[in-house]
Every structure is written in structure tokens, then in C-alpha cells.
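Biologist: I should like to learn how to read the features of a model such as this one. May we go through them one at a time?

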Amino acid sequence: TNSSGGTEQRMVETPWQTEFVGRTGLIVTLYVSNSWEDGSASAEIYVDGVLLQKVHSTGGAASASGIVR
């Protein structure tokens with residue numbers, strides 16, 4: 001979910017991060033994957049500097065989500 005509540009897809013190099021100002025009640029979802037079969041994927045979502053959710057997966061994909069309060 002991006003700052004306007006829509007979705008977007010990006011191919012990025014790691015490590016990668018982004019920041020935006022969201023409104024109260026915004027549902028934020030972050031999905032990450034890698035192209036290496038024996039790799040791993042991690043995602044973290046912070047709200048006002050506080051960790052909301054952190055996930056890690058071996059084998060390729062991870063998904064994190066939360067609601068901005």
C-alpha cells in the first residue's frame with residue numbers, strides 16, 4: 001500500500017527502504033520476494049519509528065501488514 005492507499009510494484013536492490021506519511025486507519029501491506037531459490041526475504045514495517053511487524057522467510061517470499069493507528 002502506498003501513501004495514497006493504492007498499490008505499486010517495484011524491483012529494487014537490497015537493502016531498500018521507503019518512507020511516506022499515511023493517514024490514521026491506513027492498512028499497509030508489504031510483500032517481498034527474491035529471485036534466488038536458496039535465498040531469503042525479510043520485511044519490516046515501522047510506524048513513527050516503532051516496529052509494527054517484522055517477518056523473515058527462507059526460500060523466497062515474506063509478507064508483512066498492519067494498520068496505522
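Modeller: Let us begin with pairing: two strands pair if DSSP finds at least two bridges between them. Strands themselves are DSSP runs of E with at least two residues, while helices are runs of H or I with at least four, and both are numbered from the N terminus. In the hairpin of β2 and β3, which has two residues between the strands, aspartate 48 takes a positive phi near 50°. This is a predicted model, in which local features need pLDDT of at least 70 and side-chain atom pairs pLDDT 80 or more, whereas totals for chains, interfaces and linings use all residues. Residues are numbered from 1 along each chain as its sequence is written, and side-chain values use heavy atoms, with hydrogens and water left out.

Biologist: In which sense do β2 and β3 pair, and over how many bridges?

Modeller: The two strands are antiparallel, with eight bridges between them. Within this pairing, serine 42 stands opposite histidine 56 in β3.

Biologist: How many helices and strands does the protein chain have?

Modeller: The chain has four strands and zero helices. Read from the N terminus, the order of elements is β-β-β-β.

Biologist: How is a salt bridge recognised, and how many does this rule give?

Modeller: The criterion is a side-chain nitrogen of Lys or Arg within 4 Å of a carboxyl oxygen of Asp or Glu. The count here is one salt bridge. Lysine 54 forms a salt bridge with glutamate 44, and their closest N and O atoms are 3.7 Å apart. This pair links distant parts of the chain, since lysine 54 belongs to strand β3 and glutamate 44 to strand β2 (residues 40-47), ten residues apart.

Biologist: Are lysine 54 and glutamate 44 buried or exposed?

Modeller: The classes rest on relative accessible area: buried is under 20%, exposed is over 50%, and partly exposed lies in between, with a 1.4 Å probe and protein chains only. Lysine 54 counts as exposed because its relative accessibility is 56%. Glutamate 44, at 37%, counts as partly exposed.

Biologist: Where does valine 55 lie, and how is its accessibility classed?

Modeller: In a regular strand, side chains alternate between the two faces of the sheet. Valine 55 lies in strand β3 (residues 50-58). With a relative accessible area of 19%, valine 55 is buried. Valine 55 and valine 32 are 23 residues apart in sequence, and their C-alpha atoms are 10.0 Å apart in space.

Biologist: What share of the whole chain counts as buried?

Modeller: Of the 69 residues of the protein chain, the buried share is 20%.
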